[in-house]
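Here is a colleague's note to read with the model open beside it. Please go through the points in order and find each residue as it is named.

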Amino acid sequence: MDLKERIESAASVREASDIVFDEIKRMTGSRYCYVAYVDPENGDSVGIKFSHLTEYCRHYEEMGEARFKLPSSGKYGGLLGYSLDTGESFFTNNPAGHPAAHGIPDGHRKVSKFLSVAVKDSEGILGQIVAGDPPENYDETHLRIAEEIAGHYAGVLRRFWRGEIPLGDIRERFIRRRP
């Protein structure tokens with residue numbers, strides 16, 4: 001089964017996110033990754049598969065999500081929010097020098113290379129894929145790979161928005177894996 005089929009045949013958003021996370025890291029060589037969906041009820045950006053870059057990440061993983069509320073301005077802001085705010089995918093090999101950058105949150109590991117893709121379809125932005133710190137600089141090839149994967153993930157998120165597939169319960173996943 002090819003990557004497109006694996007992602008698009010996922011039974012839940014969590015299952016698809018796990019595939020996206022692993023493949024983005026593998027195909028771009030990225031050390032870190034963050035896969036999110038936009039909550040159709042309130043517009044929050046909800047990371048459901050992510051590398052641990054802060055002391056809170058383990059807590060977020062136990063909760064099953066890292067939720068970033070959509071501010072009343074309607075803009076997420078910052079480097080993390082840039083692709084969600086603009087719908088534009090981008091990479092930078094100097095995150096601190098990007099015009100949207102406004103510093104690193106306290107306790108967050110520094111990322112020296114950053115790639116972000118808005119997961120979208122013709123109806124709008126549905127989520128986001130972010131990667132960081134491959135061994136070499138990001139380039140257009142990395143961006144194209146991430147955008148292709150995002151296109152497959154968009155189909156899953158659209159099905160979720162329409163109520164056709166579940167988000168998936170992280171606790172169920174851990175229960176099933178226990179011996």
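The numbered points below begin with the overall layout and then turn to the core, the helices and a few single residues.

1. The model is a predicted one, and that should be kept in mind throughout. The protein has six helices and six strands, and, read from the N terminus, its elements follow the order α-α-β-β-α-β-α-β-β-β-α-α. It may help to trace this order once along the chain before turning to the details.

2. Of the 179 residues in the protein, 47% are buried. The accessible surface of the protein amounts to about 9500 Å², and carbon and sulfur atoms account for 50% of that area. When contacts between residues at least 6 apart in sequence are considered, 59% of them join residues that are at least 24 apart.

3. In soluble globular proteins, nonpolar side chains tend to be buried together. Here the largest nonpolar core holds 32 residues, and the members that touch the most other members are I7, V13, V20, I24, I129, I149 and Y153. At least two residues of this core come from each of α1 (3-8), α2 (13-28), β1 (32-38), β2 (45-50), β5 (114-121), β6 (124-132) and α5 (140-161), with α5 giving the largest share, 10 residues. There is also a second, separate core of seven residues, among them Y34, F50, L79 and F90.

4. Which residues does I24 contact, leaving aside its neighbours within four places in sequence? They are G29, C33, I129, A131, A146 and I149. Of these partners, I129 and I149 are also named among the core members that touch the most others.

5. The helices α2 and α5 pack with their axes 10 Å apart and at an angle of about 180°; because an angle over 145 degrees counts as roughly antiparallel, the two helices are described as roughly antiparallel to each other. On the α2 side, the contact is made by V13, A16, S17, V20, E23, I24, M27 and T28, while α5 contributes H142, I145, A146, I149, Y153, V156, L157 and F160. Sorted by class, this contact has 12 nonpolar, three polar and one charged residues.

6. Helix α4 (residues 78-86) deserves a separate look, since its buried residues include G78, L79, G81, S83, L84 and D85. The buried residues of α4 pack against β1, β2, β4 (90-92), β5 and β6. After α4 comes G87, which has a positive phi, near 80°.

7. The residue K75 sits in the loop between β3 (66-68) and α4, and its relative accessibility of 45% places K75 among the partly exposed residues. Not counting residues up to four places away in sequence, K75 touches L70 and D85. The C-alpha atoms of K75 and D85 are 5.7 Å apart, although the two residues are separated by 10 places along the chain.

8. Is R158, a residue of helix α5, buried or exposed? With a relative accessibility of 10%, R158 counts as buried, because the cut-off for that term is under 20%. Apart from neighbours within four places in sequence, R158 is in contact with D121, E123, G124 and L126.

9. Three loop residues also count as buried when the cut-off of under 20% is applied. One of them is S12, in the loop between α1 and α2, with a relative accessibility of 11%. The C-alpha atoms of S12 and L167 are separated by 5.3 Å, although the residues are 155 apart along the chain. Beyond its neighbours within four places in sequence, S12 is in contact with V156, I165, P166, L167 and G168.

10. Another of these loop residues is G43, found between β1 and β2, where its relative accessibility of 14% makes it count as buried. Setting aside neighbours within four places in sequence, G43 is in contact with V38, L70 and Y76. From C-alpha to C-alpha, G43 and G127 are 9.9 Å apart in space, with their positions 84 residues apart in sequence.

11. The remaining loop residue is D133, placed between β6 and α5, and at 15% relative accessibility D133 counts as buried. Its backbone is worth checking in the model: the phi of D133 is near 55°, a positive value in a residue other than glycine.

Terms used. Residues are numbered from 1 along each chain as its sequence is written. This is a predicted model: local features need pLDDT of at least 70, side-chain atom pairs count only at pLDDT 80 or more; totals for chains, interfaces and linings use all residues. Side-chain values use heavy atoms; hydrogens and water are left out. A nonpolar core is a set of buried Ala, Val, Leu, Ile, Met, Phe, Trp, Tyr and Cys residues joined through side-chain atoms within 4.5 Å. Buried means under 20% relative accessible area, exposed over 50%, partly exposed in between (1.4 Å probe, protein chains only). Helices (H or I, at least four residues) and strands (E, at least two) are DSSP runs, numbered from the N terminus. Contact means heavy atoms within 4.5 Å. Axes are lines fitted to C-alpha atoms, for helices over the stretch in contact, and angles run from 0 to 180 degrees between N-to-C directions. Angles under 35 degrees count as roughly parallel, over 145 as roughly antiparallel, 65 to 115 as roughly perpendicular and the rest as oblique. Ala, Val, Leu, Ile, Met, Phe, Trp, Tyr, Cys and Pro count as nonpolar, Asp, Glu, Lys and Arg as charged, and the others, Gly among them, as polar. Accessible areas come from the Shrake-Rupley method with a 1.4 Å probe; for residues, only the protein chains shown count as cover.
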